[in-house]
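Open the model in your viewer and keep the selection panel at hand. The stops below go from the whole chain to single residues.

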Amino acid sequence: MNDEQLLRYSRHILLDPIGIEGQARIVGAHVLIVGAGGLGSPAAFYLASAGIGKITLADSDTVDLTNLQRQILHTQDRIGQAKALSGQATLARINPEVAVVPVTERLAGERLAALVAGADAVLDCCDNFDTRHAVNRACVEHRVPLISGAAVRFSGQVSVFDPRRADSPCYHCLFPEGEDVEEMRCAVTGIFAPLTGIIGSVQAAEALKLLSGAGEPLVGRLLLLNALTMEWRSVRFGKDPHCAVCAARGNP
Ligand SMILES: [Zn+2]
């Protein structure tokens, strides 16, 4: 790191669990953020300000007036623009040192696999189960840690899946595909604006911890927030020995 970086990131470097080595790992890291909406916005803000070297920001949507209530990467004058490009413009103003790669297509198949394989960590900030499961499969396949967040109405949840660890469950162990889970979309159900900020910020915190090596990651625990009572619950869960996604992979 150069002198300006040492100064810019000095408040991280002062923290013993991060220190200069941890911050250097953050600066050298590549993170894929799937979704530049309510969760992806705060997550991207903190990852960029904290100096992640490269952020791939993927979102196939465009900015809409109803997004601006909570999707803080975007501004009124960018309505109609691709969210990935709007996010890139915002992040460049916060920290021009971060290379932001916008991806405006819906991620699937080989493109998704290639982006996951090239990342040091993936943040799932999307709003649909198809993408969540596709991202999880790619993360298990390429052994890339996945920081998963979700928020609807006043309820939020977050967990970390680390396929580099033999004891780590995957997203599918927790939420098996094909079970009739009702997809709840913000457009229908509503969403409390700061809830997305809280959950997205927890995702950024877990990513920075994983990448720098600080603390204990949220692996094998699902953190649940009820924003109406502002109560957090932490639920432990294990690997599903019959999981269709990760059980066949065996131990690393
Ligand atoms: Zn699994």
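Start with the whole protein chain selected: of its 252 residues, 49% count as buried. Buried means under 20% relative accessible area, exposed means over 50%, and partly exposed lies in between, with a 1.4 Å probe and protein chains only. This is a predicted model, in which local features need pLDDT of at least 70 and side-chain atom pairs count only at pLDDT 80 or more, while totals for chains, interfaces and linings use all residues. Residues are numbered from 1 along each chain as its sequence is written, and side-chain values use heavy atoms, with hydrogens and water left out.

Switch to a cartoon. The protein chain has 10 helices and eight strands; helices (H or I, at least four residues) and strands (E, at least two) are DSSP runs, numbered from the N terminus. The radius of gyration is 17 Å, close to the 18 Å that the globule rule gives for 252 residues, so the chain is as compact as a globular protein of that length. That radius is taken over C-alpha atoms, and the rule is 2.2 Å times the number of residues to the power 0.38. Along the principal axes, the C-alpha atoms fill a box of roughly 50 × 40 × 40 Å.

Of the contacts in the protein chain with a separation of 6 or more, 66% are between residues 24 or more positions apart. A contact means heavy atoms within 4.5 Å.

Next, select residues 40-49, which are helix α4. How many of the 10 residues of α4 are buried? Seven are, so the helix is mostly covered. The buried ones are Gly40, Ser41, Pro42, Ala43, Ala44, Leu47 and Ala48. To see the cover, add β1 (30-34), β2 (54-58), α5 (83-94), β4 (121-124) and α10, which are included in it. Following α4 is glycine 51, with a positive phi near 95°.

Now show the aromatic side chains. Rings of Phe, Tyr and Trp (its six-membered ring) pair if their centres lie within 6.5 Å; planes under 30 degrees apart count as stacked, over 60 as edge-to-face and the rest as tilted. The count by this rule is four aromatic pairs.

Select phenylalanine 154 and phenylalanine 192: their pair is tilted, at 4.9 Å centre to centre and 35° between the planes. The pair links distant parts of the chain, 38 residues apart. Phenylalanine 154 is in the loop between β5 (146-152) and β6 (155-161), and phenylalanine 192 is in the loop between α9 (186-189) and α10 (193-212). Phenylalanine 154 has 31% relative accessibility and counts as partly exposed; phenylalanine 192, at 33%, also counts as partly exposed.

Move to phenylalanine 161 and tyrosine 171. Their ring centres are 6.0 Å apart and their planes are at 85°, so this pair is edge-to-face. Phenylalanine 161 is in strand β6 and tyrosine 171 in helix α8 (residues 171-174), 10 residues apart. Are these two residues buried or exposed? Both phenylalanine 161 and tyrosine 171 are buried. Add Phe175 and Phe237 to the selection: ring pairs link them with Phe161 and Tyr171 into a cluster.

End at glycine 238, in the segment after β8 (231-236). Glycine 238 counts as partly exposed, at 48% relative accessibility. Leaving aside neighbours within four places in sequence, glycine 238 is in contact with Pro169 and Cys173. For a last distance, pick the C-alpha atoms of glycine 238 and alanine 227: these residues are 11 apart along the chain, and the atoms are separated by 26 Å.
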